[in-house]
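Below are some comments on the aromatic contacts, set out as numbered points for your consideration. Please read them beside the sequence and the coordinates.

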Amino acid sequence: MSRSVLQPSQQKLAEKLTILNDRGVGMLTRLYNIKKQQLAQLQKEKSEILKNLALYYFTFVDVMEFKDHVCELLNTIDVCQVFFDITVNFDLTKNYLDLIITYTTLMILLSRIEERKAIIGLYNYAHEMTHGASDREYPRLGQMIVDYENPLKKMMEEFVPHSKSLSDALISLQMVYPRRNLSADQWRNAQLLSLISAPSTMLNPAQSDTMPCEYLSLDAMEKWIIFGFILCHGILNTDATALNLWKLALQSSSCLSLFRDEVFHIHKAAEDLFVNIRGYNKRINDIRECKEAAVSHAGSMHRERRKFLRSALKELATVLSDQPGLLGPKALFVFMALSFARDEIIWLLRHADNMPKKSADDFIDKHIAELIFYMEELRAHVRKYGPVMQRYYVQYLSGFDAVVLNELVQNLSVCPEDESIIMSSFVNTMTSLSVKQVEDGEVFDFRGMRLDWFRLQAYTSVSKASLSLADHRELGKMMNTIIFHTKMVDSLVEMLVETSDLSIFCFYSRAFEKMFQQCLELPSQSRYSIAFPLLCTHFMSCTHELCPEERHHIGDRSLSLCNMFLDEMAKQARNLITDICTEQCTLSDQLLPKHCAKTISQAVNKKSKKQTGKKGEPEREKPGVESMRKNRLVVTNLDKLHTALSELCFSINYVPNMVVWEHTFTPREYLTSHLEIRFTKSIVGMTMYNQATQEIAKPSELLTSQTQHLDSHGEPTITSLYTNWYLETLLRQVSNGHIAYFPAMKAFVNLPTENELTFNAEEYSDISEMRSLSELLGPYGMKFLSESLMWHISSQVAELKKLVVENVDVLTQMRTSFDKPDQMAALFKRLSSVDSVLKRMTIIGVILSFRSLAQEALRDVLSYHIPFLVSSIEDFKDHIPRETDMKVAMNVYELSSAAGLPCEIDPALVVALSSQKSENISPEEEYKIACLLMVFVAVSLPTLASNVMSQYSPAIEGHCNNIHCLAKAINQIAAALFTIHKGSIEDRLKEFLALASSSLLKIGQETDKTTTRNRESVYLLLDMIVQESPFLTMDLLESCFPYVLLRNAYHAVYKQSVTSSA
């Protein structure tokens, strides 16, 4: 090989290692996804096979090309005789070992894809059929698949020429790995990670000759050692240091994580590889001994480590939350703590899923949530106080590191021009830093400086380098420290991912959910349950740009898990609150009067010296005894519930929100939502509504606020329940003749009937109950009630219009013949459905009477709560000029109606009837039907006199069959209809009065006692209609109907009432 080829600057070792390591992770991601997917059902068409298998096939081709590049680079490294030492040229050694492990993992994962041969065979067959020739990569790809059937065996042969470089790199771990792989007792004795163990040195910066090795992943080191020494196994027989490292790693774990949830069972695999090699019996015995040690002791050792780390991280997080300034000098401790904890959690995760049968308890950690929580707390401190750390390390780099590095460079005996330029640029970059840059929010970027140092390591680590890093270890150690300091300024987020990323939980969903459930079940751990949703924020960091198709899948998984965890936490808190309420109700029930009866009885008996109770009967505890504590250790059930709730609320309230895959979650909203649902259901449950018996609690018994007819989840509210009950139960019984409206009492009252009703109508409709209903439902709820009532009225009006259409010709003639008695009598006989018209109008009147009660109650309630606003609305309504446009007037009426004020024209009724306009009928025809409806009602009134129930009762100021409600129905229906059709309400009511009085005067001349039995009671309807109407006057009535008849009618009904009472 020529000199130019060997020149290190031309080999670009640093660049190749960086690119190949990143590409290797991308290839692993793609292979992992191929392995996890089932081979899709393929159609027989060649084009479909090519299309469906192209991604898989070319992934295998990419793996082959990656393998070629790795082999080429490893050969170049061997030729250059690169010096590796993790404590000196850290980046070079780490990237070299990472590349070998990535390559090994890739080939193992490839061999685990069962359909790999079928995929490339099918693809190539389809390619041949389509293009007439095999794919050009197929022969080499097929050979690679066959060669790497047993990947480690093949690679052991392949790595023989690389053994020297690989073993040197691995043996450089002899100081680093054993120091990291200590027991919890050794950590405790050394007071590892403690800031308060030596108060005098608290402000001193945490220093080490091997800064980046301190937070290096233990998991990564074990993979390097185990796979590395399998590939260059010859060194195990000749170097005791190598053998000790390998045995120590074998004793620490039963399996290694290949990639995500793919694991490698190390002892069996190593034994199978060595069993066929002559002279390796001793190594096989070593493996078996290490396996026994791992099974027996590794679980307990790691359990104790986690126990130590819980307390160490808690102390660290507590001190740093109080004194965040310590994040500057003690940043190394933070990242060490995160890395140690991350390694232990990942170890537990993979072993719990692949645990040996023995000592299963060592692989179940109910306190894992606490450790994860303190990790998240440290991560939050780093993110929150990033500027504090930047400020510290900017000063450190410019004031100390630049000076020391400059001295080291000046003292170098030999320093070639290229190396000198790079190191001078380091010094200049650091010297130019200032605190003002941090204060101005300037974005720092030292990636170029770190890559230059990586290049410099490659230049100075090859054999025959002018400046050999092996001879200037101090320079390497100093630069490693400086690189750590630069990361504290510009790469804090990347450092958090490097040392504490737990996105692996994404691939252990079942274990993840089980840990969460254990956390919620253990009261002492529930305060840490927020750690699980927070872990979902890590998941997207495991994605890679070479496999973009999995981003959506992993993102969805992170969202669903986060949502599930927060939902479960909120449910748990809701259940605790419900249990506390139940306990409080139980305590409250102890104060009920019935419970004191026994105490009073005992006191009376004691006074009279009677012995009634049985001897030895335990004395009943008095209310309040639970509050008397003899000592602090006595804990009641209520205490436990309060403690559990406060712990869980701490967790829910720990963060205001969290961002998972560009979605923001607010934990408190989950609790609010669940409490709202539970509270709504509780309130609705308090109505004690029984659909079978139509029973419901009185409004006064349930006075709170729930005003929409459906809650946010579509469930019925008390507004809906009460509206339905009043419409379907109370008012329906009025229509059936079991209940009457008593104007004198302003209530609906049960009538004596054969079948007694299950409820007393007066108890649900009197003034106090209607006010309670208004308080309960509020203005919005009462508006919904009104709209529901109007819907029923509109359906009745629709039926009335149909009856008018059936009799349209007769009614048209009667409208113009009211002064011709004989003709009217003849026409009346031709009318059909007279009783139906009156019955429907009566139902409308009853509904309007109930609405009047509801509106009056609403007005009373609002007048109490907002008197000034109500009086303003009332004043506004009372002073609408007569010439005001009807649309404007209706807006005022709508406002007034919402406040419970009575209006000349009911806006809700107008809206309900407006929606009935038929498309097939012209406006003129609609107007005519409305006029004829009033005619129909007017000429039908005399028939009421023959009804036994039409008798007027002065005591109730009405009729038992509710015909007194016709007055309200006639006035309000006329006002609404003629507002819609833009007719004159006054003129139409005058016409009605003329027709009605003419018809009623005729029955005065009747001699048949049956048809006139309640004539006087029906006469009074005319007076009620005029009294109710804002458009009619008594003078007008006098001109149509002699007042003397009304006076005599009143005299007759009162006299009849006195006679009946006697």
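1. A residue is called buried here when its relative accessible area is under 20%, and partly exposed when that area falls between 20% and 50%. The model is predicted, and by this criterion W187 and F340 are both buried.

2. Across the structure there are 42 aromatic pairs. One of them joins W187 to F340 in a stacked arrangement, with 5.3 Å from centre to centre and 15° between the planes. Because W187 belongs to helix α11 (residues 184-189) and F340 to helix α17 (residues 331-353), this pair ties together parts that are 153 residues apart in sequence.

3. F650 and Y654 also form an aromatic pair, which is tilted, the centres being 6.1 Å apart and the planes at 50° to each other. F650 is partly exposed, at a relative accessible area of 31%, and Y654 is likewise partly exposed, with a value of 22%. The face of F650 additionally has R527 lying over it, at 3.9 Å from the ring centre.

4. Another contact between a charge and a ring involves K330, whose charged end sits over the ring of F333 at 5.4 Å from the ring's centre.

5. Which residues are linked by ring pairs into a cluster? The cluster consists of Y722, W725, Y726, Y741, F748, F759, Y764 and F850. When these contacts are examined pair by pair, it helps to recall that a pair of aromatic rings is described by the distance of the centres and the angle of the planes.

Conventions
Residues are numbered from 1 along each chain as its sequence is written. This is a predicted model: local features need pLDDT of at least 70, side-chain atom pairs count only at pLDDT 80 or more; totals for chains, interfaces and linings use all residues. Side-chain values use heavy atoms; hydrogens and water are left out. Rings of Phe, Tyr and Trp (its six-membered ring) pair if their centres lie within 6.5 Å; planes under 30 degrees apart count as stacked, over 60 as edge-to-face and the rest as tilted. Helices (H or I, at least four residues) and strands (E, at least two) are DSSP runs, numbered from the N terminus. Buried means under 20% relative accessible area, exposed over 50%, partly exposed in between (1.4 Å probe, protein chains only). A charge sits over a ring if NZ of Lys or CZ of Arg is within 6 Å of the ring centre and within 35 degrees of the ring normal.
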